[in-house]
Amino acid sequence: MAAAEGVSLNHISRESSDVRRLANFYQQILGFEQVETPNFGDFEVIWLRLPSSSIYIHLIERDPTTSLPEGPWSASSPVADPKNLPRGHHICFSVSNFDSFLNTLKDKGIETFQKSLPNGKIKQVFFFDPDGNGLEVASQEQDS
């Protein structure tokens with residue numbers, strides 16, 4: 001028996017040295033909307049919500065005094081190749097317009113890695129956000 005009951009995902013947070021740039025990316029690429037955000041005073045925070053669900057992303061201004069890497073690109077051994085993402089840290093979203101979404105990524109010059117699940121019913125594209133956080137977008141399952 002689990003200790004927690006009624007568990008649901010509340011939000012995902014990403015830290016960034018440029019939260020506005022990151023917010024624009026998530027708004028333009030995945031359709032997130034900015035929602036009311038508390039004023040935390042010492043650092044900038046932007047809260048985003050995906051309108052079709054209750055998924056929230058909290059973008060938090062990076063603390064420059066920490067020694068944590070900002071993302072894979074700023075780590076001591078940067079990994080900026082999206083082909084490594086299927087086995088790496090990433091967030092996945094599903095879309096109903098996979099092919100046109102993929103074309104938008106290409107039009108914006110975003111480097112991608114594509115594959116499908118072994119049964120071929122779901123197509124996947126892997127890419128990075130501007131801070132190097134891994135993303136996957138999957139098609140909705142196709143009947144065969």
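In the predicted model, E15 is partly exposed, with a relative accessibility of 26%. The side chain of E15 meets that of R62 in a salt bridge, with an N to O distance of 4.0 Å. The two residues belong to distant parts of the chain, E15 lying in strand β1 and R62 in the loop between β4 and β5 (91-95), 47 residues apart. R62 counts as buried because its relative accessibility, 19%, falls under the 20% limit.

This contact is one of 5 salt bridges found in a search of the whole structure. Another is formed by R21 and D131, whose closest N and O atoms are 2.0 Å apart. R21 lies in helix α1 (residues 19-30) and D131 in the loop between β7 and β8 (134-139), so this pair ties together parts of the chain that are 110 residues apart in sequence. The partners are set in unlike surroundings: R21 is partly exposed, at a relative accessible area of 33%, whereas D131 is buried, at 7%.

E33 and R49 also form a salt bridge, the closest N and O atoms being 3.9 Å apart. Here E33 is in strand β2 and R49 in strand β3, with the two positions 16 residues apart in sequence numbering. Both side chains belong to partly exposed residues, with a relative accessible area of 39% for E33 and 22% for R49. The link between E33 and R49 is not confined to the side chains, since R49 is also the bridge partner of E33 in β3.

The strands that carry these residues belong to an open sheet of 4 strands, arranged in the order β1-β4-β3-β2 with mixed pairing. Its edges are formed by β1 (12-16) and β2, each of which pairs on one side only. From one strand to the next, the twist averages 30°. Strand β2 (residues 33-35) runs antiparallel to strand β3 (residues 45-49), and 3 bridges join them. Within this pairing, V35 stands opposite W47 of β3. Strand β3 also pairs with strand β4 (residues 56-61), in the antiparallel sense and over 5 bridges. I46 has L59 as its bridge partner in β4, and a hairpin of 6 residues connects β3 to β4.

Strand β4 also contains H58. This residue is buried, with a relative accessible area of 10%. The side chain of H58 makes a polar contact of 3.3 Å with the side chain of H11. Apart from neighbours within four places in sequence, H58 is in contact with H11, I12, S13, R14, I46 and W47. One of these contacts, I46, is the residue whose bridge partner in β4 is L59, and another, W47, is the residue of β3 that stands opposite V35.

Aromatic side chains were examined next, and the count comes to 6 aromatic pairs. In one of them, the rings of Y26 and F32 have their centres 6.0 Å apart and their planes at 90°, so the arrangement is edge-to-face. Both residues are buried, with a relative accessible area of 0% for Y26 and 3% for F32. A further pair comprises F113 and F126, whose ring centres are 6.4 Å apart; with the planes at 35°, the pair is tilted. F113 is in strand β6 and F126 in strand β7, so that distant parts of the chain, 13 residues apart, are linked. The two phenylalanines differ in burial, F113 being partly exposed with a relative accessible area of 28% and F126 being buried at 1%. Y26 and F32 are also members of one aromatic cluster, which they form with F25 and F93.

The loop between β6 (113-116) and β7 (123-128) contains N119. At a relative accessibility of 53%, N119 counts as exposed because this value is over 50%. The side chain of N119 reaches the backbone nitrogen of K121 at a distance of 2.9 Å.

Technical notes: Residues are numbered from 1 along each chain as its sequence is written. This is a predicted model: local features need pLDDT of at least 70, side-chain atom pairs count only at pLDDT 80 or more; totals for chains, interfaces and linings use all residues. Side-chain values use heavy atoms; hydrogens and water are left out. Two strands pair if DSSP finds at least two bridges between them. Buried means under 20% relative accessible area, exposed over 50%, partly exposed in between (1.4 Å probe, protein chains only). A polar contact is a pair of N or O atoms within 3.5 Å; within protein, one must be able to donate a hydrogen and the other to accept it, and residues adjacent in sequence count only if both atoms are side-chain atoms. Axes are lines fitted to C-alpha atoms, for helices over the stretch in contact, and angles run from 0 to 180 degrees between N-to-C directions. Rings of Phe, Tyr and Trp (its six-membered ring) pair if their centres lie within 6.5 Å; planes under 30 degrees apart count as stacked, over 60 as edge-to-face and the rest as tilted. Contact means heavy atoms within 4.5 Å.
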